[in-house]
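Reader: I keep meeting words like "buried" and "edge strand" in descriptions of proteins. Could we go through one structure and see what earns each word?

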Amino acid sequence: MNNYLKYGYINAEDIISFPPLEIVENHPVAVSECIQEIPCNPCVTSCPVQAISMEGINGIPVVNFEKCTGCSMCVSVCPGLALFLVGIRNGKGLVTLPYEMLEVPSKGEKVILLDRKGQKVGTGTVEKVFYPDKNTKSALVTITFDNIELIKIVRNIKSIT
Amino acid sequence: MREINIHPILQFSHGKELKFTFDGTTVKAYKGETVAMALYRSGIDIFSKSPKQHRPRGMFCAIGKCSSCMMRVNGIPNIRTCILPIREGMIVEKQERFGKLPDYIEKFREPVEIDKEVTVIGSGPAGLSAANIFKEFGIKTIIIEENPQLGGQLIKQTHKFFGSEKEKAGTRGFEIAQDLIKNIENSTIKFITNSTAFSVDNNTIGVFKDNQYIKVHTKYLLIATGAAEKMIPFPGNDIPGVFGAGAAQTLMNVFGIKPGNSVLMVGAGNVGLIVSYQLLQAGVEVKAVVEAMPTIGGYFVHAAKLRRFGVPILTNTTIKEVNGNLRVEKAITISLNKRFEEIPGTEIVWDVDTVCLSTGLIPSVNLLAQAGSKLKYVPSLGGFVPLRNNDLETTRENIFVAGDVAGIEEASTAILEGHIAALAILERMGFETKKSKIESIKDLNNLRSSPFSKKIIEGLKEAECE
């Protein structure tokens with residue numbers, strides 16, 4: 001693992017566990033990038049199918065990919081914005097990410113795909129925008145793109161304009 | 001110019017328009033905001049001139065803890081304008097040097113006396129959560145709050161909180177404050193805002209509100225006065241535009257005012273990382289976060305949120321100096337070696353109009369010192385902290401503490417400490433609260449069992465007393 005404490009990001013290969021291809025091809029599942037022991041567990045308590053486990057409140061969340069239905073509950077509740085949904089649908093890569101900035105792109109819009117350092121790694125299309133929070137404009141944005149390898153890389157988006 | 005019109009998380013509504021004068025010029029304000037906020041909103045950065053060198057000074061902490069925003073208001077000098085609500089027709093003057101004395105002094109009115117079973121000083125997460133417990137038991141309680149609003153620093157926390165369901169994890173800080181405040185409305189809990197508790201003498205607390213001296217007689221006292229942001233020494237640290245990171249949060253998240261257009265954040269602890277992210281949400285550019293230590297001090301997930309937006313975090317790097325004539329114009333950072341010595345030639349010049357310091361907090365223990373509660377210097381808790389027992393009672397009988405004043409931690413631990421102190425006071429009153437108290441102590445120990453709390457646990461041991 002790279003020195004994430006020095007730089008503030010991890011690399012794709014550092015993800016503690018990534019779902020196997022046959023699962024993500026079936027339906028999107030949650031991937032956790034919460035790698036530090038911090039006192040926090042809403043992902044565990046919010047999961048309707050108990051697919052996320054943790055040893056004590058300071059444990060590191062582990063997603064059971066067999067159980068996970070990809071409902072995105074944990075993605076919307078995670079205070080650290082450290083959970084994402086990844087999948088492959090009709091041969092395209094798909095990522096659902098939390099987006100708390102202004103000017104949420106709308107469905108069908110082309111967007112720039114960013115990696116964990118905020119660098120451009122491609123372009124994609126917004127497939128869905130969902131506002132789980134009644135009182136805010138905090139959104140869950142689902143994006144699709146041609147290069148399926150990018151499901152391990154894309155963790156943010158930016159408007160093209 | 002500095003107005004935040006739209007925000008992804010917050011909606012700002014303004015009170016009715018008011019007018020006041022600043023050095024003879026009419027300034028527009030909104031009802032409910034403070035003098036310093038109204039001035040800053042209308043583009044005024046300089047509030048005073050320093051005593052010796054006549055250097056321009058602006059505000060620093062924005063929550064009434066430092067003295068950077070002091071001005072002359074209606075003829076009276078040394079008024080903390082960051083917490084003084086605007087009134088129509090107020091006469092505000094820049095404070096030159098030590099400030100001109102009043103032209104005349106209105107005679108003090110006779111003190112008002114209030115009797116309460118319990119007094120809580122400070123309405124942040126610790127004070128409010130304690131008040132919520134007192135409410136359940138129908139205890140006549142008064143909360144004394146220095147700021148215009150209840151909620152302490154919770155009201156500016158737009159991020160979702162960590163912790164477990166019990167500590168409302170996944171809920172945004174300001175929403176937790178709203179819930180806690182709503183729950184004590186129309187109950188035995190009364191509160192006075194804009195009220196400074198300035199003395200503790202036996203069982204009487206001296207409070208100052210709107211030129212009125214109030215004596216609060218109380219049996220039990222819970223001091224939950226929180227903490228103040230640390231200033232660090234570097235040339236230009238007093239130039240307007242150098243803020244505590246919390247001040248930037250107050251400006252943007254409470255009053256809907258942009259602290260600046262481009263910011264350099266100093267310190268990569270949780271406060272620095274969270275506030276940087278919130279600056280992005282307010283539409284402010286964050287050029288970089290610098291951190292003198294070799295690693296990021298805050299949670300990795302907060303750092304990752306920032307990095308995703310391309311904000312660099314430079315470790316082993318510190319602020320060298322800030323330049324600017326009447327406002328920050330440039331900030332210079334420099335890399336540090338293993339011995340924290342500057343490495344010549346590694347300077348970076350940043351074009352910024354704002355520098356935010358998130359270099360730690362100091363517990364606000366002044367009242368405890370005055371009350372005679374024993375203090376001890378415990379660096380891992382932020383400085384001088386009161387000695388306390390498991391019930392959070394200090395060495396002065398019936399004076400309890402909770403939250404950051406007892407040692408710098410998190411809002412979630414402050415909430416639990418508020419519970420514990422309140423339950424301990426109730427136990428002293430004869431209520432059966434032992435079981436709930438032990439439960440809360442268990443929850444608190446759970447929150448403190450992460451590797452992040454290791455030093456805090458050691459510090460807490462040093463601050464223990466019988």
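Author: Happy to; we will take the words one by one, keeping in mind that this is a predicted model.

Reader: Let's start with an exposed residue. What makes B:Glu3 count as exposed?

Author: A residue is exposed if 12 or fewer other C-beta atoms lie within 10 Å of its own. B:Glu3 has 12 C-beta neighbours inside 10 Å, so B:Glu3 counts as exposed. You will find B:Glu3 in the segment before β1 (17–22) of chain B.

Reader: Which residues does B:Glu3 touch, not counting residues up to four places away in sequence?

Author: B:Glu3 touches B:Arg41, B:Gly256 and B:Ile257. For such contacts, the C-beta atoms must lie within 7 Å. In another direction, B:Glu410 is 407 residues from B:Glu3 in sequence, and their C-alpha atoms are 30 Å apart in space.

Reader: Now the opposite word. Why is helix α4 of chain B described as largely enclosed by the rest of the structure?

Author: Buried means 20 or more other C-beta atoms within 10 Å. In α4 (residues 245–254) of chain B, 10 of the 10 residues are buried, so the helix is largely enclosed. Among those buried residues are B:Ala245, B:Gln249 and B:Val254. The cover includes α1 (35–41), β17 (262–266), α5 and β23 (354–357) of chain B. Just after α4(B) comes B:Gly256, with a positive phi of about 70 degrees. B:Gly256 is also one of the residues that B:Glu3 touches.

Reader: What makes α2(B) mostly covered?

Author: 10 of the 12 residues of α2(B) are buried. B:Pro125, B:Leu128, B:Ala130 and B:Phe134 are among them. What covers them includes β9 (112–121), α3 (173–184), β14 (212–223) and α8 (411–429) of chain B. After α2(B) comes B:Gly138, whose phi is positive, near 65 degrees.

Reader: How do you know that the span of α2(B) agrees with its number of residues?

Author: The expected span is 1.5 Å times one less than the number of residues. For the 12 residues of α2 (residues 125–136) of chain B, this gives 16 Å; the end C-alpha atoms are 17 Å apart, which agrees.

Reader: Which residues touch the most other members of the largest nonpolar core?

Author: The core has 186 residues, and B:Ala130, B:Leu222, B:Val355, B:Ala402 and B:Ala421 touch the most other members. The helix α8(B) gives the most to this core, with 11 residues. Leaving aside neighbours within four places in sequence, the contacts of B:Ala130 include B:Val120, B:Leu222, B:Ala402 and B:Ala421.

Reader: On to sheets. What makes β1 and β9 of chain A edge strands?

Author: Picture the open sheet of seven strands, in the order β1-β4-β5-β8-β7-β6-β9 (chain A), with antiparallel pairing. β1 (29–32) and β9 (156–159) of chain A each have a single partner strand, so one side of each is left without a neighbour in the sheet. From one strand to the next, the twist averages 40 degrees.

Reader: How do you know that β7 and β8 of chain A pair?

Author: Pairing needs at least two bridges between the strands. β7 (residues 120–130) and β8 (residues 139–145) of chain A have five, in the antiparallel sense. In one of these bridges, the partner of A:Val129 is A:Val141 in β8(A).

Reader: Which strands are at the edges of the three-stranded sheet in chain B?

Author: That open sheet runs β20-β21-β22 (chain B), with antiparallel pairing. The edges are β20 (317–323) and β22 (348–350) of chain B, as each pairs on one side only. The twist here averages 25 degrees from one strand to the next. Six bridges join β20(B) to β21 (residues 330–335) of chain B, and B:Ile319 stands opposite B:Thr333 in β21(B).

Reader: Last one: how many residues of chain B are in contact with chain A?

Author: There are 38 residues of chain B in contact with 37 of chain A. On the chain B side, the largest share, eight residues, comes from α6(B). The residues of that side divide into 20 nonpolar, 13 polar and five charged.

Methods. Residues numbered from 1 in each chain as written. Chains lettered and ligands numbered in written order. Predicted model: local features only at pLDDT ≥ 70, side-chain atom pairs only at ≥ 80, totals over all residues. Contact = placed C-beta atoms within 7 Å. Helix = DSSP H or I, 4+ residues; strand = E, 2+ residues; numbered from the N terminus. Nonpolar A, V, L, I, M, F, W, Y, C, P; charged D, E, K, R; others polar. Axes fitted to C-alpha atoms, helices over the stretch in contact; angles between N-to-C directions. Core = buried A, V, L, I, M, F, W, Y, C linked by C-beta atoms within 7 Å.
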